[in-house]
Amino acid sequence: MMQRKNTVGVKVGEVQIGGGAPVVVQSMTNTDTADINGTVQQVYELARAGSELVRITVNNEESAAAVARIRDELDRRGCTVPLIGDFHFNGHKLLAKYPDCAEALGKYRINPGNVGRGSKRDPQFAQMIEFACQYGKPVRIGVNWGSLDQQVLARLLDENAQLNEPRPLPEVMREAVITSALESAHRALELGLPKDRIVLSCKMSGVQELIAVYESLSSRCDYALHLGLTEAGMGSKGIVASTAALSVLMNQGIGDTIRISLTPEPGADRTLEVIVAQEILQTMGIRSFTPMVISCPGCGRTTSDYFQKLAQQIQSHLRHKMPEWRKVYRGVEDMNVAVMGCVVNGPGESKNANIGISLPGTGEQPVAPVFEDGVKTVTLKGDHIAEEFQALVERYIDSHYGRVDTDAAA
C-alpha cells in the first residue's frame with residue numbers, strides 16, 4: 001500500500017480528518033430529523049457500531065429546531081459523536097433562523113449544485129460560509145454527479161466546443177465535478193473560511209468515474225478528501241461497488257474519511273454501512289476495528305453447517321462486545337480468530353491465528369483442537385463446543401491484551 005497523501009487536517013469536534021490522522025468512518029441517518037427520539041436512537045446505534053461522524057438531514061424548520069435537542073440528548077447518554085448537518089436549497093435560511101442548530105452541529109455539508117439556482121447561487125453559498133466562519137465550523141463542499149452545478153457544466157461545455165479537438169462528454173462531465181469543488185473551495189477561502197476547515201468530496205455513482213475524478217482531484221489540491229460512491233445500491237451490489245472503488249483509491253493513499261452509501265434492505269439495520277466501511281479499512285490493513293474472524297467457505301468435507309453457525313456466532317459476539325472491550329483492552333481490535341471446518345486447512349489456519357479452532361469435518365473424529373499463538377492448548381468435544389470456545393476467546397483477550405488505564409483515559 002502506498003503512503004497516504006499528505007492533506008490539511010480538519011478538526012470536527014474531537015475528530016480529525018486528514019493531516020496524517022487515521023481514515024475516519026462516517027455514516028448518515030435515514031430518520032426524520034424532526035423525530036428527536038428516533039434520530040437520537042439511530043445516531044447512538046451508528047456511533048456504537050463505530051461511526052466517528054454522523055450526518056443528519058436538516059431540510060426544514062422542524063428538523064433545524066430539533067438539532068440542538070438531539071445534541072443535548074446524545075450528550076446526556078454520553079455519546080459525543082459529532083453531528084454533520086446535511087443542507088440543500090435552504091440551509092442559509094435555516095441557519096439564520098435557528099442559531100442553536102448552527103452551534104450544535106459539528107460540521108456543515110454544502111452541495112454547490114443545490115445551494116441556490118441562478119443569481120441566488122453565489123449569495124446563498126456566501127451566507128452558508130459566513131455562518132461557518134461565525135460559528136467556527138468546518139464545511140464539506142460535496143459535489144454530486146446527480147446534482148452538478150449546471151452553470152459550471154454549461155461553461156465547460158462551451159469551452160470544450162471551441163477546441164479544435166473537443167474532449168469526450170464524460171471527460172468534460174468529470175472535469176465539471178472537479179472544477180465545481182475547487183472553485184467553491186477557493187470562494188470559501190476568499191470569504192474567510194480557513195483551509196483547515198474545508199473538506200472536499202466529488203461523488204459519482206460509477207466505479208471507474210469515481211476513481212478517475214479522485215485521482216485527478218487529489219493531484220490538484222491538498223484539501224482533506226471525503227470518499228464515497230454515491231447511490232451505491234442495495235446489498236452485495238452496493239458493497240462490492242463501494243469496495244472496488246474505495247480500495248483502489250485508498251491503496252494510492254487517497255482519502256481521509258469514507259462513507260458507504262448503501263440502500264438499506266426494508267427494515268434492515270442502518271449500521272451495516274458502518275460495518276462495511278470498517279471491514280474495507282481493516283481487510284486492507286489501513287485500520288483495525290474489531291477482531292478478525294478467519295473461516296473457510298466449506299466443501300464436501302463439511303456437510304454439517306456447525307462450523308458456519310459457530311463462525312457467525314463468534315463474529316457477532318466479537319462485534320457486539322467490541323464497544324465495551326475497546327474501553328478496557330488495548331489492541332484487542334488487532335486480534336485474529338480462526339473458525340475452521342475440517343482437518344485440511346483447519347489446524348494450519350488455527351495455528352496462524354491468535355486463537356483458533358479446527359472443527360471436525362464429515363467422517364472425522366468428533367473432537368476440536370484449539371490453538372493459541374500456534375500451540376494446541378485444549379481439545380474440545382461434546383455438545384458445548386461453541387460455548388466453551390467462546391469462553392476461551394474471552395479468556396485469551398483478558399490475559400493477552402493490556403488493560404486501558406481508565407482513570408488516565410477519563
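1. In this predicted model, helix H11 covers residues 306-328, and because each residue should add 1.5 Å, its 23 residues should span 33 Å, which agrees with the 31 Å that separates its end C-alpha atoms.

2. Where does H11 bend? The helix bends by about 55° at Met322, and a proline, Pro323, follows within four residues.

3. Several residues of H11 are buried, among them Phe307, Leu310, Ala311, Ile314, His317, Leu318 and Lys321, and the list also includes Met322 and Pro323 from the region of the bend. In general, an α-helix has 3.6 residues a turn, so residues three or four places apart point the same way. The buried residues of H11 pack against two helices, H1 (36-49) and H13 (385-400), and against the strands S13 (292-295), S14 (336-340) and S15 (355-358).

4. How many cavities of 30 Å³ or more does a search of the whole structure find? There are two, and the largest holds about 50 Å³ of space. Its lining consists of Arg48, Ala49, Gln278, Phe289, Thr290, Arg319, Met322, Pro323 and Arg326, and the elements that give two or more residues to this lining are H1 and H11. H11 gives the most, with four residues, while by class the lining divides into four nonpolar, two polar and three charged residues.

5. The second largest cavity has a volume of about 40 Å³, and the residues that line it include Phe87, His88, Phe89, Ile110, Asn111 and Met128. This lining has five nonpolar and five polar residues, but no charged residues.

How values were computed
Residues are numbered from 1 along each chain as its sequence is written. This is a predicted model: local features need pLDDT of at least 70, side-chain atom pairs count only at pLDDT 80 or more; totals for chains, interfaces and linings use all residues. Side-chain values use heavy atoms; hydrogens and water are left out. The expected span of a helix is 1.5 Å times one less than its number of residues. The bend at a residue is the angle between axes fitted to the seven residues ending there and the seven starting there. Buried means under 20% relative accessible area, exposed over 50%, partly exposed in between (1.4 Å probe, protein chains only). Contact means heavy atoms within 4.5 Å. On a 1 Å grid over the protein atoms alone, a cavity is a set of points where a 1.4 Å probe fits but cannot get out, and a pocket is an open set with protein on both sides within 12 Å along at least five of seven lines; lining residues have an atom within 4 Å of a point. Grid points are joined across faces, edges and corners, and a volume is the space filled by probe spheres set on the points. Ala, Val, Leu, Ile, Met, Phe, Trp, Tyr, Cys and Pro count as nonpolar, Asp, Glu, Lys and Arg as charged, and the others, Gly among them, as polar.
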